[in-house]
Structures are given as structure tokens and as C-alpha cells.
Amino acid sequence: MAELGRLLIYEASRDWLPTISGEIQSPLGLATVEFIDPREPVAVVPNLRVRLALAEHATSILPATKTYHLGN
């Protein structure tokens, strides 16, 4: 479930989150990459308890997220 949750979060967010350019040191040298802009707040709100298993690993893809719960 964790891997499925990570893949769904990635696919759902890859086209609409704002990004910034940066550079990282890779084994092959300096690489230019795109990072998700950490200044933009992102909230994860799973609906129904069954989707908590999918949403619990969202922070591995989007580390600056906050998770909120709705319902009783």
C-alpha cells in the first residue's frame, strides 16, 4: 500500500505544484534539477478511513505537507 500511495501522490501532483530550479551533486557531477517549491503550502486530506493507508506515506514524496482528517 505504501508504494501505491507514493505513486498516486506523485502522479496526482506532478503537473500542478510550483517548482524551483536547483543543483545537486550526483556521482556523475553537478546536475540541474527541479524541486517542489517549499514556500507553497500543501495539505493532504484523505477522505474515508480506507485511504489513510495510501496517504500516510505522502511525506516521502512531499516532505513539507500537513495531513488533515475530516469526519468522525
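**Entry 1. Arg 39 and Asp 37**

I began with Arg 39 and found it exposed, at a relative accessible area of 66%. I note at the outset that this is a predicted model. The side chain of Arg 39 meets that of Asp 37 in a salt bridge, with 3.0 Å from N to O. I then looked up the partner: Asp 37 has a relative accessible area of 8% and is therefore buried, since the cut-off for that class is under 20%. This salt bridge thus joins an exposed residue, Arg 39, to a buried one, Asp 37. I recorded the general principle beside it: side chains of opposite charge can pair when their charged atoms come close.

**Entry 2. Arg 6 and Glu 3**

How many salt bridges does the model hold? I obtained a count of 2. Besides the pair above, I found Arg 6 bridged to Glu 3, where the closest N and O atoms lie 3.0 Å apart. Both residues belong to helix H1, which covers residues 2–13, and they are 3 residues apart, about one turn of the helix. I checked their exposure as well. Arg 6 is partly exposed at 24% relative accessible area, and Glu 3 is likewise partly exposed at 45%.

**Entry 3. Helix H1**

I compared the span of H1 with expectation. At 1.5 Å a residue, its 12 residues should cover 16 Å; the end C-alpha atoms are 17 Å apart, which agrees. Which residues of H1 are buried? I listed Gly 5, Ile 9 and Ser 13. Viewed down the axis of H1, the buried residues fall within an arc of 45 degrees, so they line one face of the helix. I then asked what these buried residues pack against. They pack against helix H2 (52–55) and helix H3 (58–61).

**Entry 4. The nonpolar core**

I looked up the largest nonpolar core and found 7 residues: Ile 9, Leu 17, Val 42, Val 44, Ala 55, Ala 58 and Leu 62. Ile 9 is also one of the buried residues of H1. For Leu 17, leaving aside neighbours within four places in sequence, I found contacts with Ile 36, Val 42 and Leu 62. As general background, nonpolar side chains in soluble globular proteins tend to be buried together.

**Entry 5. Thr 65**

I located Thr 65 in the loop between H3 and strand S4 (66–67). Is Thr 65 buried or exposed? It counts as buried, at 11% relative accessibility. A polar atom of the Thr 65 side chain lies 3.0 Å from the backbone oxygen of Leu 62, and Leu 62 is a member of the core listed above. Not counting residues up to four places away in sequence, Thr 65 touches Val 42, Val 44 and Thr 59.

**Entry 6. Lys 66 and Tyr 68**

I placed Lys 66 in strand S4, where it counts as exposed at 53% relative accessibility. Lys 66 and Val 42 are 24 residues apart in sequence, with their C-alpha atoms 6.7 Å apart in space. With residues up to four places away excluded, Lys 66 touches Val 42, Ala 43 and Val 44.

I found Tyr 68 in the segment after S4, partly exposed at 43% relative accessibility. The C-alpha atoms of Tyr 68 and Ala 43 are separated by 7.1 Å, although the two residues are 25 apart along the chain. Under the exclusion of residues up to four places away, Tyr 68 touches Ala 43, Val 44, Val 45 and Pro 46.

Conventions
Residues are numbered from 1 along each chain as its sequence is written. This is a predicted model: local features need pLDDT of at least 70, side-chain atom pairs count only at pLDDT 80 or more; totals for chains, interfaces and linings use all residues. Side-chain values use heavy atoms; hydrogens and water are left out. A salt bridge is a side-chain nitrogen of Lys or Arg within 4 Å of a carboxyl oxygen of Asp or Glu. Helices (H or I, at least four residues) and strands (E, at least two) are DSSP runs, numbered from the N terminus. Buried means under 20% relative accessible area, exposed over 50%, partly exposed in between (1.4 Å probe, protein chains only). The expected span of a helix is 1.5 Å times one less than its number of residues. The arc is that of the directions from the helix axis to the C-beta atoms. Contact means heavy atoms within 4.5 Å. A polar contact is a pair of N or O atoms within 3.5 Å; within protein, one must be able to donate a hydrogen and the other to accept it, and residues adjacent in sequence count only if both atoms are side-chain atoms. A nonpolar core is a set of buried Ala, Val, Leu, Ile, Met, Phe, Trp, Tyr and Cys residues joined through side-chain atoms within 4.5 Å.
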